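User: Hey, I've just opened this one and don't know my way around yet. Can you walk me through it?
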Amino acid sequence: MEIPISYEVLRVLWWGLLGVLLIGFAATDGFDFGVAGLLPFVAKTDAERRVAINTVGPTWEGNQVWFILGGGAIFAAWPMVYAVSFSGLYLAMFVLLAALILRPVGFKYRSKREDPRWRAMWDWALFTGGFVPALLFGVAVGNVLVGLPFRLDDDLRAFWDGSFFDLLNPFAILCGLLSVTMMGLHGAAWLSMKAEYGPVRDRARALAPIFAITSIVLFAGGGLVMAYGPYGFAQVGDVDPAGPSNPLRAETVAAAGAWLSNYAAHPWMILAPVLGFGGAFAALAGLRLNSESITFIGSKLSTLGIISTAGLSMFPFILPSSIQPNASLTVWNSSSSHLTLFIMLITTAIFLPIILAYTSWAFKVMWGRVTTEDVTSGGDYY
C-alpha cells in the first residue's frame with residue numbers, strides 16, 4: 001500500500017495531535033478541576049456549594065473525553081511511551097485514578113441525602129478529585145523534563161529504577177504547584193462567568209488574581225531552572241526521522257540547558273511562553289476591566305502557552321531517561337508503524353471534528369449563569 005504521507009511527517013503530526021489532545025483536556029476539564037479544588041474556599045453554605053458544583057455539572061463528563069483520547073493516542077501512536085510510563089508510574093497512576101474516581105462519585109452522590117455530614121464528606125471528595133489530579137499532572141510533566149529513571153535492555157524491555165517518592169523532587173513539585181495555580185485560575189475564571197452574581201462569584205474573582213500572579217511567578221521560576229539548572233537532553237550524531245522505532249539506535253546525552261536550544265533554532269516557538277505569561281496578564285486585565293470573557297480567554301491562553309512551552313522545549317523528546325539517556329523515547333524512535341499512524345490519522349480526521357462539534361453544541365445549550373433558585377427548585381441539579 002502506497003502511503004501518501006511520509007513517515008517523518010506522520011510522526012510530527014501525531015506528536016502535534018497528542019499536544020492538541022492534552023491541551024484540549026487542560027482547557028476544558030481544567031476548569032472542572034479548578035472549580036472542585038476551589039469548592040471549600042468559594043462556597044460556604046450548601047446552596048453556594050451547589051451553585052459552584054452545577055456550573056460544571058452539565059459538561060464535566062463530556063470534558064473527560066479529551067483525557068480518554070489522550071490516553072488512547074499514546075497507546076496507539078506511541079506504544080513504547082505508553083508501556084514505559086504506565087508501568088513505571090504504576091503507583092502514581094493508581095493515586096491519580098483513585099482521585100479521578102472520587103469526582104464522579106462525589107457529583108452523583110452528594111445530594112442524594114440532606115444530611116450535612118454526608119454532603120460535607122462528598123464536598124471534600126470533590127476537592128480531592130480536583131486538587132490531587134491537578135497536582136499530579138504537573139508533577140508528571142516536571143519529572144518528564146527532569147528525565148525518568150528507566151532503562152532498556154537489548155530486547156527493548158523496560159526496567160524502572162525509581163520509586164514513587166523519587167517523583168516528588170523539588171522541580172516536579174514546582175511544576176505541580178504551577179499546574180494547580182493554572183487550573184485554579186481557570187476554575188476561578190469559569191466561576192466568575194457562570195455563577196450568579198453573589199458570594200460564589202465574588203470570592204472566585206477575589207482568588208483569581210492570586211492564582212494568576214502565582215502562576216506567572218512559578219512559570220518564570222521553572223524557566224529559570226530550565227535555563228540555569230542541570231536538566232536537559234540532546235541527540236548527537238545522525239538522526240533518521242523515518243527510521244525504525246528503536247531508541248537504542250540513536251545517541252542521546254544529558255546536557256544542562258538543552259531544553260532551551262529549540263528556541264534558538266526555531267524563534268517562532270517563543271510564542272508559547274509569551275502566551276503563558278500574556279494569558280495570565282490578560283486574565284488580570286479582564287478582572288480589572290470587569291470582563292469575565294477576557295478573564296476566561298486569558299486563562300485559556302495561559303494554559304495553552306504553559307503546556308505548549310513544555311512540549312516545544314522537549315521536541316523531539318517525549319520520555320527522556322535520566323539513567324540511560326540512549327534509552328530516551330523520541331518522536332523519531334518510539335512511534336507505531338507508518339501504516340498504523342496513517343490509518344489513525346484518517347480516523348482522527350473523521351471523528352475529531354465530530355467531537356469538537358458536539359462539545360461546542362453542549363456548551364452552547366448549557367450556557368447561562370447558575371442561580372440559587374435553579375439548584376433549589378428541583379430538576380437535574382447536583
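Analyst: Sure, we'll go through the core, the aromatic pairs, some backbone details and a surface patch. Keep in mind that this is a predicted model.

User: Core first, then. Which residues of the largest nonpolar core touch the most other members?
Analyst: Those are Trp14, Trp78, Val81, Phe150, Trp259, Leu319 and Leu329, in a core of 61 residues. Helix α1 (residues 7-42) gives the largest share of this core, with 8 residues.

User: Is there another core, and if so what is in it?
Analyst: Another core of 32 residues lies apart from it, and Leu38, Val51, Leu185 and Met193 are among its members.

User: Back to Leu319. What is it in contact with, leaving aside neighbours within four places in sequence?
Analyst: With those left aside, Leu319 is in contact with Val81, Val84, Ser85, Val144, Leu148, Phe150, Ser328 and Leu329.

User: Ok, new topic: how many aromatic pairs are there?
Analyst: The count comes to 28 aromatic pairs. One of them is Phe33 with Phe137, a tilted pair at 6.2 Å centre to centre and 55 degrees between the planes. Phe33 lies in helix α1 and Phe137 in helix α7 (residues 116-146), so the pair ties together parts 104 residues apart in sequence.

User: Are those two buried or exposed?
Analyst: Both Phe33 and Phe137 are buried.

User: And why is the pair of Phe315 and Trp332 edge-to-face?
Analyst: Because the planes of their rings are at 85 degrees, and over 60 counts as edge-to-face. The ring centres are 5.8 Å apart. Both Phe315 and Trp332 are buried.

User: What joins Phe315 and Pro316?
Analyst: A cis peptide bond, with omega about 5 degrees. Pro316 sits in the loop between α12 and β5.

User: What about phi at Leu156 and Asn290?
Analyst: Phi of Leu156 is near 65 degrees, a positive value in a residue other than glycine. Leu156 is in the loop between β1 (150-152) and β2 (158-160). For Asn290, phi is near 60 degrees, also positive in a non-glycine residue, and Asn290 lies in the loop between α11 (271-288) and α12.

User: Last one, the surface. Which residues make the nonpolar patch?
Analyst: Ile346, Ile350, Phe351, Ile354 and Tyr358 make a patch of about 470 Å². Phe351 is in helix α13 (residues 338-365).

User: Why does Phe351 count as partly exposed?
Analyst: Because its relative accessible area is 47%, and partly exposed is the range between under 20% for buried and over 50% for exposed.

Conventions
Residues are numbered from 1 along each chain as its sequence is written. This is a predicted model: local features need pLDDT of at least 70, side-chain atom pairs count only at pLDDT 80 or more; totals for chains, interfaces and linings use all residues. Side-chain values use heavy atoms; hydrogens and water are left out. Patches are made of residues with over 30% relative accessible area and no salt bridge: like charges are joined within 9 Å, nonpolar side chains (Val, Leu, Ile, Met, Phe, Trp, Tyr) within 5 Å. Accessible areas come from the Shrake-Rupley method with a 1.4 Å probe; for residues, only the protein chains shown count as cover. A salt bridge is a side-chain nitrogen of Lys or Arg within 4 Å of a carboxyl oxygen of Asp or Glu. Helices (H or I, at least four residues) and strands (E, at least two) are DSSP runs, numbered from the N terminus. Buried means under 20% relative accessible area, exposed over 50%, partly exposed in between (1.4 Å probe, protein chains only). A nonpolar core is a set of buried Ala, Val, Leu, Ile, Met, Phe, Trp, Tyr and Cys residues joined through side-chain atoms within 4.5 Å. Contact means heavy atoms within 4.5 Å. Rings of Phe, Tyr and Trp (its six-membered ring) pair if their centres lie within 6.5 Å; planes under 30 degrees apart count as stacked, over 60 as edge-to-face and the rest as tilted.
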